[in-house]
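Grab a pencil and work through a few short exercises on helix packing and cavities. Each task comes with a solution in steps.

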Amino acid sequence: MLPVWLAQAIETEEERSKMEQLYDEYERLLYSIAFRYMHDSYRAEDAVHDTFVKIIDHLDSISEVKCPQTRAFLVNIVGNICLNMLTRKSYTAEVYGSDEDDRLIVETLPDPYSNTADMYSNKYEVSLVTDAIRQLPEILQDTMILYAAHGYTTKEIAEIQGCSTETIKKRIQRGREKIRKMLGEDK
Amino acid sequence: MSEMNNLQKALLIVEEERSHKYDDLYDNPEMHEFSQKYLVRRREIISMYKDPQVVIATSMSTYRRTHKIRLRTILVAALIMLLATASVIAITKPHIYYVIKEKIGNWTITFTQEDNTDESALTPVWPQIPEGFSVTENEATESHFYISMEDNDNHIIIFEQLPPDGASVNIDSERNENTIGIINETEVIISREGNAIMMIFNDGKYAYHIRGNASEKILREIADDILNKQ
């Protein structure tokens with residue numbers, strides 16, 4: 001479930017202007033996608049609103065408003081938010097993710113932007129890594145994209161996808177392992 | 001941000017590829033006049049820079065603000081419920097009870113089984129996969145079996161098998177219409193919100209939780225299939 005209050009910060013006039021441009025360029029597209037999922041105009045609007053709220057803290061990763069990458073980023077977020085709204089539930093610690101394995105994963109997850117994290121992929125051509133990612137289930141792709149490509153924290157992704165942070169950590173772990181395996185790496 | 005590694009580059013390529021399935025909507029978006037509620041929230045976000053004290057609410061909190069009167073009613077109801085601490089409302093098969101605690105805005109349903117001494121790991125019960133759907137994710141642990149299915153029309157179904165004692169599920173009691181139905185002679189808690197449906201039931205050995213935006217008929221067939229396996 002989404003937290004009740006989110007206090008983000010648009011810190012500069014440049015960011016405010018960028019936010020306005022993003023609305024102007026993409027809100028109709030995002031609404032159209034959300035409506036396909038929700039079949040309800042009010043809930044589709046809610047999904048669009050939540051999408052813009054979720055990107056406020058990641059505006060610096062958007063270098064250009066009108067470009068395929070930004071469009072893809074927003075499409076990804078709104079899709080995940082819609083799926084979450086359709087299947088919203090709260091996870092309980094008794095059943096989900098309080099075991100030793102989860103704690104181990106917490107300790108071993110690397111910082112996505114550190115120089116060492118995921119650098120194994122640099123041994124391979126981008127096209128090979130891309131082929132490996134294409135074979136992952138979409139839910140793992142989404143989680144990996146938000147985490148490793150856009151710098152979302154596991155907590156932020158858990159809020160977007162509507163599951164526990166432990167589940168997100170497991171998905172990241174599984175995604176990494178599958179990619180490495182497909183690239184021929186043992187570990 | 002430091003220079004992107006090849007994994008990050010590849011992830012962005014895949015993200016962009018996947019977004020192309022919405023090219024038609026980019027060129028021809030739905031004709032829609034946004035509601036006043038949406039436009040007010042849009043202005044709130046844009047004006048945050050001018051007034052950094054503005055706090056932006058997600059759809060959930062805005063919904064709560066606009067339903068204060070109803071919330072007060074629920075609050076009173078919740079206080080009454082607090083005095084009663086908890087209510088046990090349904091017994092479907094012997095031994096598994098649903099203990100429902102009403103909180104503001106949601107119910108927590110906890111499965112409980114008297115004299116449960118079975119500590120063995122959960123044995124996954126695979127549901128039938130509806131025609132047109134394929135499994136996109138599945139995970140089995142000692143206490144939880146989870147399957148996600150999806151078809152080509154953005155319909156998803158999440159199936160979960162839970163232990164008979166101690167697991168719990170939350171239901172939104174503000175937005176959802178919650179009823180009890182009968183499937184295969186078994187009482188099933190059914191929660192509906194728009195085109196999203198959730199079903200909770202048990203077969204005397206495990207509790208099950210199915211939810212998604214597929215038709216109710218499809219979800220009922222999955223529940224029926226599980227109950228036939230007992």
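**Exercise 1.** Work out how α1(A) passes α2(A) and which residues meet there.

*Solution.* Start with the handedness: α1(A) makes a right-handed crossing with α2(A), where right-handed says that the near helix is turned clockwise from the far one by less than a right angle, and left-handed anticlockwise. Before going on, note that this is a predicted model, where local features need pLDDT of at least 70, side-chain atom pairs count only at pLDDT 80 or more, and totals for chains, interfaces and linings use all residues. Residues are numbered from 1 along each chain as its sequence is written, chains are lettered from A and ligands numbered from 1 in the order written, and side-chain values use heavy atoms, with hydrogens and water left out.

Next, the geometry: the axes of α1(A) and α2(A), residues 41-55, come within 8 Å and cross at roughly 135 degrees. That makes the pair oblique, the class left over once angles under 35 degrees are called roughly parallel, over 145 roughly antiparallel and 65 to 115 roughly perpendicular.

Now the partners: M19(A), L22(A) and Y23(A) are among the α1(A) residues that meet α2(A), whose side includes S41(A), R43(A) and A44(A). Sorted by class, this contact has 13 nonpolar, 2 polar and 3 charged residues.

**Exercise 2.** Describe how α1(A) packs with α3(A).

*Solution.* Here the axes come within 10 Å and cross at roughly 35 degrees. The crossing of α1(A) past α3(A) is right-handed. On the α1(A) side, the contact includes Y26(A) and I33(A), and on the α3(A) side V75(A) and C82(A). The class count is 15 nonpolar, 2 polar and 1 charged.

**Exercise 3.** At what angle do α6(A) and α8(A) cross?

*Solution.* The axes cross at roughly 100 degrees and come within 9 Å. The two helices are therefore roughly perpendicular to each other. I139(A) and Y147(A) of α6(A) take part in the contact, as do I168(A) and I179(A) of α8(A), among others. It's a mix of 7 nonpolar, 2 polar and 4 charged residues.

**Exercise 4.** How many cavities of 30 Å³ or more are there, and what lines the largest cavity?

*Solution.* There are 2 of them; a cavity is a set of points on a 1 Å grid where a 1.4 Å probe fits but cannot get out, and lining residues have an atom within 4 Å of a point. The largest has a volume of about 510 Å³. Its lining has 33 residues, with G79(A), N80(A), L83(A), I139(A) and D142(A) nearest the centre. α3(A) gives the largest share, 7 residues. By class, the lining splits into 13 nonpolar, 11 polar and 9 charged.

Technical notes:
1 Å grid on protein atoms, 1.4 Å probe; cavity = no way out; pocket = protein on both sides within 12 Å on 5 of 7 lines; lining within 4 Å. Points joined across faces, edges and corners; volume = space filled by probe spheres on them. Helix = DSSP H or I, 4+ residues; strand = E, 2+ residues; numbered from the N terminus. Nonpolar A, V, L, I, M, F, W, Y, C, P; charged D, E, K, R; others polar. Axes fitted to C-alpha atoms, helices over the stretch in contact; angles between N-to-C directions. Contact = heavy atoms within 4.5 Å.
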